[in-house]
Amino acid sequence: MERLDKWAELKVRVCSDCSRGHLYEIKTGWCLFCEHLQSNNGERTKDFVDVIVGFMGSEESEYRIERPHIKAIIMDMLVASMDTSSTTVDWALSELMRHPKAMKKVQKELEDVVELERMVEESDLEKLDYLSMVVKETLRLHPVAPLLVPHAATEDCTVNGYHIPKKSRVIINAWAIRRDPSAWTDAEEFIPERFEGSDVHVRGNHFQLIPFGSGRRRCPGIQLGLTVVQLMLAQLVHCFDWELPNNMFPEELDMSEALGITVARAKHLIATPSYRLHK
Ligand code: HEM
């Protein structure tokens, strides 16, 4: 009910330049496109929208991009990036709270690399090896899109003796692969150290770990997704110590999964932060 009421409050605003209606807040009176077109004078750093707007109506470019395409691309990016990234951070923080030793190890790494006088920055991430292992292990245990996205065979093929006719719908169970005992020891356990000295990555070259899929239709947002998740998680555990409510023991934290296209925690993670930086 609450959510419906919120939608009812939303008013369609009209851009004062192109006169099209938009559902989002228009700060300048212009919509996203007109805002970008008006301020495309080299004074500010170009963003992603500037780059695609630059292709609009261009005769020379091999791409024919117009407003509806840009809207669809931005919508695709928002839908594909928001839940996936935030859910991964939620699972990572939950796992760290269930494993206080791992939490201490990440915080110690952050203290050594960043210290406690400032916040973590994106440029610090490449030096945070243990944090990167924690994120990999989280994506192994909690692939947010457990069945990836349905694929279709473009030609007849045979995999492991199974014939797959052209145009069949193929669904990959990434969730089951990550707990395959022939690929992982103690598959159910959260052990970031398993990636120490290992070249197994999440980018789709190692089929035992494919939280972003693999091949030409794998997630195109891998780099952005990993950066956002690592930076958010680093900031949360660098800036704050976290405590579970009612003196709950770490192992009592409920890790049940909710069913959905992306698999989130069934119950919200409730934890109390206390600030730990010196500034
Ligand atoms: C932790 C973060 C993320 C995870 C775990 C994730 C995971 C996935 C997975 C599993 C797929 C399906 C791949 C397949 O079926 O083979 C996918 C597709 C996709 N992702 Fe992500 N994603 C993340 C972040 C992002 C971000 C940040 C963006 C863009 C800004 C993005 C854009 C897309 C798009 C556009 C597709 C569809 C690709 C296609 O159909 O060709 N994702 N993602």
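What percentage of the 279 residues of the protein count as buried? I looked this up first and found 19%, where buried is defined as 20 or more other C-beta atoms within 10 Å of a residue's own, exposed as 12 or fewer, and partly exposed as in between, with C-beta atoms placed from the backbone.

**Model.** I note that this is a predicted model, in which local features need pLDDT of at least 70 and side-chain atom pairs count only at pLDDT 80 or more, while totals for chains, interfaces and linings use all residues. Residues are numbered from 1 along each chain as its sequence is written. The mean pLDDT, the predictor's confidence in each residue from 0 to 100, is 90 for the protein, and 92% of its residues reach 70 or more. I also wrote down the scores, ipTM 0.99 and pTM 0.89.

**Overall layout.** I listed eight helices and eight strands, taken as DSSP runs numbered from the N terminus (helices H or I, at least four residues; strands E, at least two). Along the principal axes, the C-alpha atoms fill a box of roughly 60 × 55 × 45 Å.

**Core.** The largest nonpolar core, meaning a set of buried Ala, Val, Leu, Ile, Met, Phe, Trp, Tyr and Cys residues joined through C-beta atoms within 7 Å, has 29 residues, and V134, V135 and L233 have the most contacts inside it. Two or more residues of this core come from each of α4 (67–98), α5 (100–113), α6 (129–141) and α8. I then followed L233, which, apart from neighbours within four places in sequence, is in contact (C-beta atoms, placed from the backbone, within 7 Å) with V89, A92, L93, L131 and V135.

**Ligand shell.** I counted 22 residues around the ligand, the closest being S81, G213, C219, G221 and G225; a residue is near a molecule if its C-beta atom, placed from the backbone, lies within 6 Å of it. Helices α4 and α8 each supply at least two residues of this shell, and the largest share, seven residues, comes from α4. The shell divides into 12 nonpolar, seven polar and three charged residues, with Ala, Val, Leu, Ile, Met, Phe, Trp, Tyr, Cys and Pro counted as nonpolar, Asp, Glu, Lys and Arg as charged, and the others, Gly among them, as polar.

**C219.** In the unreviewed UniProt entry, the annotation "binding site" covers C219; such annotations may be inferred rather than shown by experiment, and their positions are given in the numbering used here with shortened feature names. I located C219 in the loop between α7 (174–177) and α8 (222–239). Why does C219 count as buried? C219 qualifies because it has 22 C-beta neighbours inside 10 Å. Leaving out residues up to four places away in sequence, C219 touches F212, G213 and G225.

Terms used. Two residues are in contact if their C-beta atoms, placed from the backbone, lie within 7 Å.
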